[in-house]
Amino acid sequence: MQNAVAAETERTRRFEQWVRRYNAPILRTCFIYLTDKTQAEDAAQDTFLKAWKAMEQFEGQGDTNEKAWLMRIAINVCHDYHRSKWFRHVDLSKALEDLPSRYLLTEPEDRTLLLDILCLPEKLKQAVLLYYYQEMTLREAADILGISTSSMHSRLRKAEKLLKITLTGGEDDA
């Protein structure tokens with residue numbers, strides 16, 4: 001009985017640590033993916049709920065990176081939200097203003113770039129989000145997206161090319 005109580009206490013402690021450490025990055029990820037503050041907050045909560053329910057599976061995976069594991073859950077939750085929501089037009093600049101600045105981690109002059117990233121195709125946006133905004137390695141980001149490292153690299157290059165064209169007003173030097 002004491003072992004079960006100790007295990008549950010440890011599980012709770014680990015979960016609370018995850019929430020403290022990863023709530024802001026997961027909320028940022030969800031917001032950038034969904035471009036809606038309320039949906040992002042709901043998706044972040046759903047992410048942690050799913051993580052709590054699947055914690056034993058995580059612990060059984062051995063050396064799995066907890067941030068990468070949580071981000072994979074967040075991306076999957078956002079993907080589910082994105083698929084299930086009704087088509088609607090979102091003013092991305094207004095949506096960006098709705099998110100508290102402590103979660104944005106961008107300077108006002110960088111918001112134009114973030115708005116351009118939000119307009120990228122989903123696969124490219126995910127790659128940029130994980131690699132540049134979450135500072136994950138190519139391998140970690142590829143694992144989260146379930147793709148090869150070379151595919152991840154290719155997506156980043158395509159995103160960079162599209163962003164360069166957008167930011168330079170349509171001029172492509174390549």
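This is a short talk on the ring pairs, the nonpolar core and the salt bridges of one predicted model.

Okay, ground rules. It's a predicted model, so local features need pLDDT of at least 70 and side-chain atom pairs count only at pLDDT 80 or more, while totals for chains, interfaces and linings use all residues. Residues are numbered from 1 along each chain as its sequence is written, and side-chain values use heavy atoms, with hydrogens and water left out.

Let's start with the rings. I'm pairing rings of Phe, Tyr and Trp (the six-membered ring for Trp) when their centres lie within 6.5 Å; planes under 30 degrees apart are stacked, over 60 edge-to-face, and the rest tilted. That rule gives four aromatic pairs. One of them is Phe15 with Phe48, edge-to-face, at 6.2 Å centre to centre and 90 degrees between the planes. Phe15 is in helix α1 (residues 2-34) and Phe48 in helix α2 (residues 37-53), so this pair ties together parts 33 residues apart in sequence. Helices here, by the way, are DSSP runs of H or I with at least four residues, numbered from the N terminus. Phe15 and Phe48 are both buried, and on that scale buried is under 20% relative accessible area, exposed is over 50%, and partly exposed is in between (1.4 Å probe, protein chains only).

Ring pairs also bring in Trp52, giving a cluster of Phe15, Phe48 and Trp52. And Trp52 has a charge on it: the charged end of Arg11 sits over its ring, 3.9 Å from the centre. For that I ask for NZ of Lys or CZ of Arg within 6 Å of the ring centre and within 35 degrees of the ring normal. Lys125 does the same kind of thing over the ring of Tyr33, at 5.6 Å from the centre.

Now the core. What counts as one? A nonpolar core is a set of buried Ala, Val, Leu, Ile, Met, Phe, Trp, Tyr and Cys residues joined through side-chain atoms within 4.5 Å. The largest has 47 residues, and Trp18, Ile26, Trp69 and Met152 touch the most other members. Elements giving two or more residues to this core are α1, α2, α3 (55-59), α4 (66-84), α7 (111-118), α8, α9 and α10 (149-167). In soluble globular proteins, nonpolar side chains do tend to be buried together.

So which residues does Ile26 contact, leaving aside its neighbours within four places in sequence? With contact meaning heavy atoms within 4.5 Å, the answer is Ala44, Thr47, Phe48, Leu70, Met71 and Ala74. Yes, that's Phe48 from the ring cluster again.

Last topic, salt bridges: a side-chain nitrogen of Lys or Arg within 4 Å of a carboxyl oxygen of Asp or Glu. The whole structure has five. Take Arg13 and Glu10, with the closest N and O atoms 2.5 Å apart. They are three residues apart in helix α1, so about one helical turn separates them. Arg139 bridges to Asp143 at 3.5 Å, and these two are four residues apart in α9, again about one helical turn. Then Arg157 and Glu160 meet at 2.3 Å, N to O, three residues apart in α10. Arg157 is partly exposed at 38%, and Glu160 is partly exposed at 30%.

One oddity to finish: Glu135 has phi near 55 degrees, a positive value in a residue other than glycine. Glu135 is in the loop between α8 (122-133) and α9 (138-145), and at 69% relative accessibility it counts as exposed.
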